[in-house]
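I sat down with this one to practise reading a structure piece by piece. Here are my notes, in the order I looked things up.

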Amino acid sequence: MNIYANYNLLQHNTFHFPVSARFFIEVRHASAIPTLRQDPVISSLPWQVIGGGSNLVLTQDLDAVVIHCIYDEIKLLKEDHGSVWLSVGAGCPWHNLVTYTVDHGWWGLENLALIPGTVGAAPVQNIGAYGAEVQDTITRVQSFDLRDGRRVELRKSECGFSYRNSIFKQSLANRVLIHRVTFRLRKHATPNLMHEPLHEALIKKYDTIEQITPRQIYDEVIILRNQRIPDPKILGSAGSFFKNPSISSTHYQTLIAQHPNMPSHKTPDGQIKIPAAWLIEQAQWKGKRISDAGVHVNHALILVNYGSATGKNLLELADKIRDDVINQFSIALEKEVVVI
Ligand SMILES: Cc1cc2nc3c(=O)[nH]c(=O)nc-3n(C[C@H](O)[C@H](O)[C@H](O)COP(=O)(O)OP(=O)(O)OC[C@H]3O[C@@H](n4cnc5c(N)ncnc54)[C@H](O)[C@@H]3O)c2cc1C
């Protein structure tokens, strides 16, 4: 366990906000929690869990204890003729895990290549991209209760996974520190080409779908992401700032009559999902900036820090965008990022 006081979080959030934490503590084992709880100062402060800081908007210095899991081991738990089960430490960088599985030819994580952040945060918002969600491969999540270090183990069915959401983003937020995640990966599978641009790109290169390997999907996803998404090391962002909203079919009928080109798709619960990027673009926000807080020129869903913006500046910009979208479409955009 490493403890740092008055610690600058600049390197720990992809918006690059230079806010500080009263204490920053790197934890490897459950036993660290009861030990920390015995310290009267550390115990009296609020505790905040962070991973790689790639889904965070930090709005102020944190008079808090920031807990960061550094356990990063990848362990093969078991294997049969069709599957492998891996238990992976929360501190492992997400993309390193995806690369490891693709190097072994295993199926399941290839569509999720290049998402920033850590394995421990992946279940929190049930990360997803290119037609896949991490809940498709997770079998269990092991965590520590932050009050006493007690182990809390949840099966997938208990994690409350839904679109960019889970129990860890709701009732268990900052109550548990995810320590390990177990994934089931397949040795043989059909490629997941539900995402149209990925399908198109791969079908141009390979004659039949049967020829396609996890490595080829992984490589193509990296190409597509690099074309569309700004590198947060160069331009600060947290990826998609808002979730894609779902509306009722009645609301949809009204809007499609006014906007015949509005993209949409049906969700399993009968709602209609509209791309937030399209709504923001229609509201004339794509490429605009207020001082150093801006909307990316190529991707309207990505809000960026051009240099000296603060978390509050980003939230002010987000509020203006939200208001304009409500006025134009009667749709209230919900933030995907976690605001602290
Ligand atoms: C350029 C860019 C592209 C992105 N693309 C995608 C994408 O395609 N799909 C997608 O879903 N997301 C995407 N994101 C968002 C982000 O990468 C993910 O949400 C990621 O899982 C966050 O991981 P993190 O370790 O950085 O978590 P953080 O940002 O540090 O934390 C996020 C939340 O998880 C909690 N948390 C973190 N670690 C733990 C833990 N060990 N135990 C308990 N709670 C924890 C935090 O308290 C916080 O509430 C993108 C972000 C960027 C910057």
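**Entry 1: strands at the start of the chain**

I began with β1 (residues 2-8) and β2 (residues 20-27), which run antiparallel and are joined by 6 bridges. I should say at once that I'm working from a predicted model. To see the pairing up close I picked Y7 and looked for its bridge partner in β2, which turned out to be A21.

Then I checked β2 against β5 (residues 62-69). These two are also joined by 6 bridges, but they run parallel. I25 stands opposite I67 of β5 here. A reminder to myself: strands of a sheet pair through backbone hydrogen bonds, and the pairing can be parallel or antiparallel.

**Entry 2: one residue in β2**

I clicked on E26, which lies in β2. Is E26 buried or partly exposed? I found 16 C-beta neighbours inside 10 Å, so E26 counts as partly exposed. A residue needs 20 or more to be called buried.

Next I listed the contacts of E26, skipping its neighbours within four places in sequence. That left M1, N2, H68 and I70. I also tried a distance: from E26 to W107 is 32 Å, C-alpha to C-alpha, with their positions 81 residues apart in sequence.

**Entry 3: helix α3**

Which residues of α3 (residues 94-103) are buried? I got W94, L97, V98, T101 and V102. They cover an arc of only 130° around the axis, so they sit on the same side of α3. This made sense once I remembered the helix rule: an α-helix has 3.6 residues a turn, so residues three or four places apart point the same way.

I then asked what the buried residues of α3 pack against. My list reads β6 (74-79), β7 (83-89), β12 and α5 (214-228). Past the helix, I stopped at G105, which follows α3 and has a positive phi, near 80°.

**Entry 4: a residue in β7**

Since β7 had just come up as a packing partner of α3, I chose V88, which has its place in β7. V88 has 25 C-beta neighbours inside 10 Å, and therefore counts as buried.

With neighbours within four places in sequence left aside, V88 is in contact with I74, L97, V119, R180, V181 and F183. I spotted L97 among the buried residues of α3 too. For a distance I took V88 and T267: their C-alpha atoms are separated by 31 Å, and the two are 179 residues apart along the chain.

**Entry 5: two open sheets**

I went further down the chain and found an open sheet of 3 strands, in the order β14-β16-β15, with antiparallel pairing. Its edge strands are β14 (246-247) and β15 (265-266), each of which pairs on one side only. Between β14 and β16 (residues 272-273) I counted 2 bridges, in the antiparallel sense. S246 has K273 as its bridge partner in β16.

The other open sheet I looked at has 4 strands. Their order is β13-β19-β18-β17, and the pairing is antiparallel. Here the edges are β13 and β17 (289-290), each pairing on one side only. β13 pairs with β19 (residues 302-305) over 3 bridges, again antiparallel. In that pair, S237 has V304 of β19 as its bridge partner.

**Entry 6: around the ligand**

How many residues surround the ligand? I noted 33, and the closest are G51, G52, G117, G120 and G239. By type, the shell divides into 20 nonpolar and 13 polar residues, with no charged ones.

I wanted to know which strands take part. β8 (128-129), β12 (176-186) and β13 (236-240) each supply at least two residues of the shell. The largest share comes from β13, with 3 residues. So that edge strand from Entry 5 turned up here again.

**Entry 7: the domains**

Last, I zoomed out. The protein chain is divided into domain 1 (2-69), domain 2 (74-224) and domain 3 (236-339). Taken over C-alpha atoms, the centres of domain 1 and domain 3 are separated by 30 Å.

Where domain 1 and domain 3 meet, 10 residues of domain 1 are in contact with 13 residues of domain 3. On the domain 1 side I sorted the residues by type and got 5 nonpolar, 5 polar and no charged.

Technical notes
Residues are numbered from 1 along each chain as its sequence is written. This is a predicted model: local features need pLDDT of at least 70, side-chain atom pairs count only at pLDDT 80 or more; totals for chains, interfaces and linings use all residues. A residue is near a molecule or strand if its C-beta atom, placed from the backbone, lies within 6 Å of it. Ala, Val, Leu, Ile, Met, Phe, Trp, Tyr, Cys and Pro count as nonpolar, Asp, Glu, Lys and Arg as charged, and the others, Gly among them, as polar. A residue is buried if 20 or more other C-beta atoms lie within 10 Å of its own, exposed if 12 or fewer, and partly exposed in between; C-beta atoms are placed from the backbone. The arc is that of the directions from the helix axis to the C-beta atoms. Two residues are in contact if their C-beta atoms, placed from the backbone, lie within 7 Å. Domain bounds come from an automatic or database domain assignment. Two strands pair if DSSP finds at least two bridges between them.
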